[in-house]
Amino acid sequence: MIKLYKSVFILFSLAMMSVTHAAADELPSLPSWQVLEYEQRAFWATAKSRLEVLPVPGKPDLWELDVQSSVVDNSEKLEVSFEAATGRVLSRARISSGKEQRMKSYQYNADHILRERRNAPSNSAVPANEWPLSNTRYLDYPASRGDTVVTSPYMLVLLAAQLQAQGPNKSMEVLVNTDLNFYRVKLTSGNGITIDADYKVAGQEPVSTRVDTIAVAIQASPEGTLVDDDDFSVLGLDGEIILLFDPATGLPLQIRGDAPRIGGTEIKLKSVTMRAAP
């Protein structure tokens, strides 16, 4: 009888290994780039954004997006944990610094989002997740959500990169949660325009060339009634947003949209760190 149990256990283990390997085979590959750095200069201000995509150790189905952005004396750091296969956000936290420091964290549960706000104490050595809790709020998903993936604004850069890799005339829809609001966002790929690309590659020669791009247009509309002021943007741009990609490298070379008090503007890729071979 013991031998029979051992045989069954071995067969079960082999079957589970087969399922696990099959699931892993379906996971998308990490992008060829690891870090993207953008810069926009307008009048007296310079805005910078740095995006990094990393695997989560021990969890091949999860990735993490780390973002650092700054303009004048204001800055923010953002961490997003998400499903590699879908872009569905599991959690995110944002630390904002300016006149004051605060952290907002979001846990995406099955039937609601837990949103917490913490304000920095006078003792700057205290970790952000231990700052005093100042507000807790439970956000209901839109009734129209269905099976639509819920994600966050910065994730749209990565989703657009995955969509453009499929070629022109492809589209997808997601729901984007900003702070308190939800937006239905449609991404559509198509043929782009020819642009000048000029950026640095870590450890390599700078790139300066003309590129025939693939474009991904991002169109957002409120999903239901907005709870707070309209706050949808991608890297600070709103309106109709267009990302222009190099089809050869998959790099998002330029992001176009409307900037507050400026109007139509372009954010250009300034440097990239390519991912080391596994």
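Is Gln254 buried or exposed? Gln254 counts as buried because its relative accessibility is 3%, where buried means under 20% relative accessible area, exposed over 50% and partly exposed in between, using a 1.4 Å probe and protein chains only. This is a predicted model, in which local features need pLDDT of at least 70 and side-chain atom pairs count only at pLDDT 80 or more, while totals for chains, interfaces and linings use all residues. Residues are numbered from 1 along each chain as its sequence is written, and side-chain values use heavy atoms, with hydrogens and water left out.

**Two buried strand residues**

- Gln254 sits in strand S14, residues 252–259; strands (E, at least two residues) and helices (H or I, at least four) are DSSP runs numbered from the N terminus.
- The side chains of Gln254 and Arg256 share a polar contact of 2.5 Å, that is, a pair of N or O atoms within 3.5 Å, where within protein one must be able to donate a hydrogen and the other to accept it, and residues adjacent in sequence count only if both atoms are side-chain atoms.
- Leaving aside residues up to four places away in sequence, Gln254 touches Ile195, Ile242, Leu243, Leu244, Glu266, Ile267 and Lys268, with contact meaning heavy atoms within 4.5 Å.
- Ser271 belongs to strand S15, residues 263–274, and counts as buried because its relative accessibility is 17%.
- With the same sequence neighbours left out (up to four places away), Ser271 touches Val35, Leu36, Glu37, Tyr199 and Lys200.

**Pockets**

- The largest pocket has a volume of about 1,400 Å³; of its 48 lining residues, Val71, Ser233, Leu235, Gly236 and Pro260 are the closest to its centre.
- A pocket is an open set of points on a 1 Å grid over the protein atoms alone, where a 1.4 Å probe fits, with protein on both sides within 12 Å along at least five of seven lines; lining residues have an atom within 4 Å of a point.
- The lining of the largest pocket has 18 nonpolar, 14 polar and 16 charged residues.
- The second largest pocket has a volume of about 200 Å³, and Pro31, Ser32, Ala161, Gln162 and Ala165 lie nearest its centre among 13 lining residues.
- Helix H2, residues 155–164, gives the most to that second lining, with 4 residues.

**The S2–S3 hairpin**

- Strands S2 and S3 run antiparallel and are joined by 10 bridges; two strands pair if DSSP finds at least two bridges between them.
- Val56 stands opposite Lys59 in S3.
- Gly58 takes a positive phi near 80 degrees in this hairpin, which has 2 residues between the strands.

Definitions and conventions:
Grid points are joined across faces, edges and corners, and a volume is the space filled by probe spheres set on the points. Ala, Val, Leu, Ile, Met, Phe, Trp, Tyr, Cys and Pro count as nonpolar, Asp, Glu, Lys and Arg as charged, and the others, Gly among them, as polar.
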